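Here's a short set of exercises to work through with the model open in your viewer. Try each task before you read its solution.

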Amino acid sequence: MGIGSVMRDAAENAEIDIGALFAALKRNWLFILLGALLFALLTWGVAQFLPPYYRSEARILIEARETVFTRPNVGSETDRPLLDPEAVKSQVELISSAKILAKVAADLKLEDYAEFYPKTMSPVKQVLVLLGLRPDPRTIPVSEQVLTRMRENLQVYAVTGSRVIVVEFVSKNPQVAADVADKIADEYIAAQAAAKRQLTGDATGWLEPEIERLTKKVREAETKVADFRAASDLLNTSNNTSLATQQMSDISSELSRLKAERAASEAKAESIRTALKNGVPINSLPEVMSSGIMQQLNERRGALMAEIANLSTTLLDGHPRIQGLRAQLADLDRQIRQEGNTILKSLDNEVTTARSREQEQTRELNRLKAQAAEAGSQEVELRALERDAAAQRDLLQAYLARYREASSIADRTDQPADARIFSTATVAGAPYFPKVLPMVSMSFVAGLLLLSVFVLLRELFSGRAMTTNPVRAVRGQNLWGDEYGAVAQNFSPAHNKTAQIDNKLIVQPAPEPVSDKNKMVEQPMARPEIDVETIQRIYDSYTVSEPDAAEEPDPASDDIYAPNGVAAIASRLMLQERRRIILISPEGDAGSAGSVHLLRELADRSLRVLLVDMTGNGAVSQAMLDGNRPAGITDLLLNVKQFTDIIHGDLYSDADVIPTGLSDPKTAMAQAERLPVIFEALETAYDFVLVETGASSAEQALNLDSDTSVFVMNVFDSEDQAVAQTALAFHEAGQDDVTILMVPHA
């Protein structure tokens, strides 16, 4: 690695020293304070030469001014004009129109004020005019210059959520500011009233000839209706119906009455005829009893019956007196029957007469029906003429009503505008610009900020605020304790330290603290010496991968495509059927980097791969998750989380990762018997499951072995004692099928 590479690595790993930045601010506090005071002093001096400006405002309320007393044709509230926000905004544009501003400028003679029409030009403006950078004011009309200046000083806006319009004007003269604001408001109200008068006059002038034209058309339409009715004999009766229709109605009623009378007479005659035929006394029938003669006969018969009954008490039935009375009674009964026949004949005559009249009325009704059928087409045309006449008449009446209303409004000398001034402008006592104190305060604060930023940037660019802060980590210690039969040793943060330079983890032995008279001193960690020939023999007994023939070595990355490089190991793993890869990193985080390289290499080959982080510090998963520490394997063992909650995606590849987790490792290892089941479930969903055990011992790593396992040992420095110890331990345990992965150097 050359000097340039070292410098580049140092620059990439440089960090900002916040303490150095604050120290720079503290050292230069006097410079910052004096500079800010200088800014404030300059602002105060500039403010003394700025001309004061005064602001005044008038407020206008947009509303409908017509009332039930001033409107000629009083209607409902829905007939009133709708004042929506768009209408209010339109009035804002009308107030600031050139017509109103020109009228105000002429009435107040604003061209006499140098503020609106300067008589002379300053030397700077003269130079700009000569250079063509601004137009010559002498070539611009005076009215246009005044209007331009008025628009610059005028602000008209509507108050949000209301129908109030504010007319705000700024001027160097406080009286002019108030007069212009009030005058603009007054001219707007006058323009509104004039517009209403003009609209009313235009409506009256338009309605007058229209009414005359419609009057003629209505007269002609009604004349056509009357002439056609007379020519077609379609005269109307008092019920507003045609004569033929009225006659048909009367004849129908008369015919119904005759039918009813005939039916009644037939019923009476039939009842009398039945009684005479059956020998039933007819003096009890209602039709017979209504006859005067029959009533007299019944009275005489009653008297004879009474006399016979009276004499029967003293005389026998054969007495001449009794017999004479009975003879008179029989004669009366004969007379009653004769009278009944007479009544029957009378009823028969009535039936015959009624039937004749009924037939006559039926013939007349049929004649009128034929006549009405012939007049049907004429009535259709008549109704069309009547509809036309009615439409013309209704339109004429509507125009007449509008004309009367418009005429009554036009006769009024004043018409209320749909707006009123509820707040007039007042003469300002103090200028609104410049505000010296706020300007000086803001300038002082801005000076403090700008000079502080200047000092900080100077400190950063000089490099004095940059420092290199090596990342301290744990050397290969695992979170799973021996007391639970786990795969690695307890976590101890003082066992080793690592430094990360250019994405490469370099392991440095850390001194192990020992107690000496209640003091902690650092002494080197004792490591057993192993014969070099033994280590070489063990290495040679391991399976060494050959580079894939399909892979073209990249000269820029010889470490990756070496026989024991990442690409070669990935190709070898793809040729076998075992899906669980147990990774051991005797050198700690430096070796664990090889697991990440292997995982991403397999993911780049379109394989579904997952890494389970079972290291002590979780550095592997944190590097893949951008420093985050989400839920992981310990949470799954304690049933705190589910599979879907602990599997996360690698931020830099298509691989997945299960981090260490958030739960207590020792508590989680109480459920260590679930690990084989968990791994088997993961192997059904992924092509390869990589289990990173960190610096676990060979005995602890073998506890995770199964029929589908492959052991891979990450080696960063082959001369490291921890690597030699782990290799020897695997050899002594009878596990000779261990693949060595040489971690690539940056």
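**Exercise 1.** Which residues in H2 meet which residues in H14? Work out how the two helices are oriented, too.

*Solution.* Keep in mind that we're working with a predicted model.

Step 1: find the helices. H2 covers residues 18-27, and H14 covers residues 436-462.

Step 2: list the contact. On the H2 side you should have Leu-21, Ala-24, Leu-25 and Arg-27. Their partners in H14 are Ser-452, Val-455, Leu-456, Glu-459 and Leu-460. Sorted by class, that contact has six nonpolar, one polar and two charged residues.

Step 3: get the geometry. Two packed helices are described by the angle between their axes and the distance between the axes. For H2 and H14 the angle is about 125°, and the axes lie 10 Å apart. Angles of 65 to 115 degrees count as roughly perpendicular and those over 145 as roughly antiparallel, so H2 is oblique to H14. The crossing of H2 past H14 is right-handed.

**Exercise 2.** Classify the packing of H5 against H7, and say which residues make the contact.

*Solution.* Step 1: H5 spans residues 98-108 and H7 spans residues 142-153; their axes are 10 Å apart, at an angle of about 105°.

Step 2: that angle makes H5 roughly perpendicular to H7.

Step 3: from H5 come Ala-98, Leu-101, Ala-102, Val-104 and Ala-105, and from H7 come Val-146, Leu-147, Met-150 and Arg-151. The class tally reads eight nonpolar, no polar and one charged.

**Exercise 3.** Do the same for H16 and H17, adding the handedness of the crossing.

*Solution.* Step 1: H16 (residues 566-575) packs on H17 (residues 589-604) at about 60°, with 9 Å between the axes.

Step 2: this angle makes H16 oblique to H17. The two helices cross in a right-handed sense.

Step 3: H16 brings Val-566, Ala-567, Ile-569, Ala-570, Leu-573 and Met-574 to the contact, while H17 brings His-597, Leu-598, Glu-601 and Leu-602. By class, you get eight nonpolar residues, one polar and one charged.

**Exercise 4.** Look at the backbone: where do you find a cis peptide bond, and which non-glycine residue has a positive phi?

*Solution.* Step 1: recall the usual picture. Most residues other than glycine have a negative phi, and most peptide bonds are trans.

Step 2: check omega. The bond joining Phe-433 and Pro-434 is cis, with omega about 0°. Pro-434 sits in the loop between strand S5 (419-423) and H14.

Step 3: check phi. Ser-606 isn't a glycine, yet its phi is positive, about 65°. You'll find Ser-606 in the loop between H17 and strand S12 (609-613).

**Exercise 5.** How many cavities of 30 Å³ or more are there, and what lines the largest cavity?

*Solution.* Step 1: with the 30 Å³ cut-off, the count is one cavity.

Step 2: the largest cavity holds about 40 Å³ of space.

Step 3: its lining consists of Asn-617, Gly-618, Ser-621, Gln-622, Arg-629, Pro-630, Pro-659, Thr-660 and Gly-661. Split by class, the lining of the largest cavity has two nonpolar, six polar and one charged.

Note on methods. Residues are numbered from 1 along each chain as its sequence is written. This is a predicted model: local features need pLDDT of at least 70, side-chain atom pairs count only at pLDDT 80 or more; totals for chains, interfaces and linings use all residues. Side-chain values use heavy atoms; hydrogens and water are left out. Axes are lines fitted to C-alpha atoms, for helices over the stretch in contact, and angles run from 0 to 180 degrees between N-to-C directions. Helices (H or I, at least four residues) and strands (E, at least two) are DSSP runs, numbered from the N terminus. Angles under 35 degrees count as roughly parallel, over 145 as roughly antiparallel, 65 to 115 as roughly perpendicular and the rest as oblique. A crossing is left-handed if the near helix is turned anticlockwise from the far one by less than a right angle, and right-handed if clockwise. Contact means heavy atoms within 4.5 Å. Ala, Val, Leu, Ile, Met, Phe, Trp, Tyr, Cys and Pro count as nonpolar, Asp, Glu, Lys and Arg as charged, and the others, Gly among them, as polar. On a 1 Å grid over the protein atoms alone, a cavity is a set of points where a 1.4 Å probe fits but cannot get out, and a pocket is an open set with protein on both sides within 12 Å along at least five of seven lines; lining residues have an atom within 4 Å of a point. Grid points are joined across faces, edges and corners, and a volume is the space filled by probe spheres set on the points.
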